[in-house]
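Subject: Structure handover

Hello,

Here is the structure we discussed, for you to look over. My notes on what turned up in it follow below.

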Amino acid sequence: MRHWIRHSLVAIALLTAFSVHADWYYEVDKKSRWQGGLDARMAAIEEEFDGQLGVYVQNLASGEAYSWQADELWYLASLVKVPVAAQILAEHQAGRLSLDERITLARSDYVDGAGPVNWYEPGTPISIRYLLEQMITVSDNTASDMLIDRVGLDAVNARARTMVAASGGRPDDLGPISKLIGVRQGVYGQLHPDAQGLGGVDFMALREHDVDQRSAALARVLSVRQDAFEQPDYDRAFDAYEATGENVGTLRAFGDVLASLHRGGMTDLNAEQRQTLLAVMGRTSSGEQRLKQGLGSDLHFAHKTGTQHRRSCDAGVALPSVSTAQVPWVIVACSKGPLPVSAHEHALESVGEALRVSGVLAGP
């Protein structure tokens with residue numbers, strides 16, 4: 001109980017401390033001492049990682065920000081589930097749905113990936129509250145698509161843009177969000193257009209194959225020759241899909257999404273709903289070896305992770321657990337490079353450690 005109360009108080013602090021106007025956002029040009037060595041540290045981490053890193057850090061009290069390739073476009077993976085959750089809670093606030101409402105799981109709902117929802121049989125009624133928790137804390141893809149279907153993809157995309165704008169940011173820096181099944185159809189569709197007609201169970205079967213065998217497996221499923229494919233392999237197919245702009249954005253824009261959970265600015269998503277979402281994000285159990293590991297235990301980190309082919313992300317709102325200053329920070333980091341997820345997690349952990357050592361989270 002004490003643990004729950006402590007984290008609830010931290011979430012409330014994230015929402016109430018240091019209220020500011022949105023128009024300060026692009027006017028801040030301050031660079032404090034903590035920024036001094038970060039570029040060198042990020043370059044060293046990137047070199048060891050043998051890939052690319054993007055990092056965005058913002059002080060939600062002063063507006064001071066640090067950027068390492070944060071204004072380039074990055075594949076955000078499951079970070080896009082944060083606006084999905086925000087739209088669910090906005091609909092709840094408006095009385096258009098109840099978190100105790102149950103959605104019946106259909107066979108067509110299944111999407112490969114982490115999470116327990118795929119363990120249930122078709123026909124199982126599952127509460128929105130449970131789906132929301134699994135979508136955020138363990139990044140359950142089936143839960144995500146069921147929730148998107150409940151509120152509509154257009155509403156989710158409108159929510160994401162509203163969250164960016166509420167922080168004074170540029171909504172056009174965030175690409176369109178798709179369903180998770182749409183990602184699979186989009187990637188495999190870059191190999192052969194007929195893959196757009198496959199369903200979740202088909203993609204679950206394809207994922208059983210190693211990456212270098214998936215093209216051959218898809219050719220068998222579609223009964224076509226591999227030499228008819230439009231991309232030479234899965235790597236190039238994913239690159240081509242990313243180039244479409246779906247689920248892509250700048251880390252600065254996604255920082256705006258997170259900042260809106262602290263500072264508000266949306267009448268249809270009040271403090272209670274934002275606190276609910278931050279509390280769920282505070283229970284995230286995926287990505288324990290990413291930013292959170294490097295940032296250290298003296299920090300409450302309400303965050304969301306994202307993992308895709310050769311790409312990983314971790315992003316959230318951080319608040320020192322012991323500091324009396326209670327200055328909230330947005331931290332967003334993404335990586336692109338080697339195949340093993342472990343390499344990405346080590347790089348993101350190193351980013352968290354570099355931020356901790358810099359003194360960025362010590363206070364104003």
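For the ring search, rings of Phe, Tyr and Trp (the six-membered ring for Trp) pair if their centres lie within 6.5 Å, and planes over 60 degrees apart count as edge-to-face. Please keep in mind that this is a predicted model.

Aromatic pairs

Searching the whole structure gives six aromatic pairs. One of them is Tyr75 with Tyr241, which is edge-to-face, with 6.3 Å centre to centre and 65° between the planes. This pair links distant parts of the chain: Tyr75 belongs to strand E3 (residues 74–75) and Tyr241 to helix H10 (residues 234–242), 166 residues apart. Tyr75 is buried, at 4% relative accessibility, and Tyr241 is buried too, at 2%.

Tyr120 and Tyr130 make another edge-to-face pair, at 6.3 Å centre to centre and with 85° between the planes. Tyr120 sits in the loop between strand E4 (102–104) and strand E5 (125–127), while Tyr130 is in helix H4 (residues 128–137), 10 residues apart. Here Tyr120 is partly exposed, with a relative accessible area of 32%, and Tyr130 is also partly exposed, at 27% relative accessibility.

Ring pairs also join Tyr75, Phe238 and Tyr241 into a cluster. A charge over a ring turned up as well: Arg214 lies over the face of Tyr234, 5.2 Å from the ring centre.

Asp145

Asp145 is in helix H5 (residues 141–151). What is the nearest side chain of opposite charge to this buried residue? It is that of Lys179, 4.7 Å away, and Asp145 has no salt bridge. A salt bridge needs a side-chain nitrogen of Lys or Arg within 4 Å of a carboxyl oxygen of Asp or Glu, so Lys179 at 4.7 Å does not qualify. The side chain of Asp145 does reach the backbone nitrogen of Ile181, at 2.9 Å. Leaving aside residues up to four places away in sequence, Asp145 touches Val111, Lys179, Leu180 and Ile181.

Asn59

A side chain to backbone contact is also found at Asn59, which is in strand E1 (residues 52–59). A polar atom of the Asn59 side chain lies 2.9 Å from the backbone nitrogen of Ser62. Is Asn59 buried or exposed? Asn59 counts as buried because its relative accessibility is 4%, and the cut-off for buried is under 20%.

Regards

Methods:
Residues numbered from 1 in each chain as written. Predicted model: local features only at pLDDT ≥ 70, side-chain atom pairs only at ≥ 80, totals over all residues. Heavy atoms only, no water. Helix = DSSP H or I, 4+ residues; strand = E, 2+ residues; numbered from the N terminus. Buried < 20%, exposed > 50% of the residue type's maximum accessible area, 1.4 Å probe, protein only. Lys, Arg positive; Asp, Glu negative; His and termini not counted. Polar contact = N/O pair within 3.5 Å; in protein donor to acceptor, adjacent residues only side chain to side chain. Contact = heavy atoms within 4.5 Å. Phe/Tyr/Trp six-rings, centres within 6.5 Å; stacked < 30°, edge-to-face > 60°. Lys NZ or Arg CZ within 6 Å of the ring centre and 35° of its normal.
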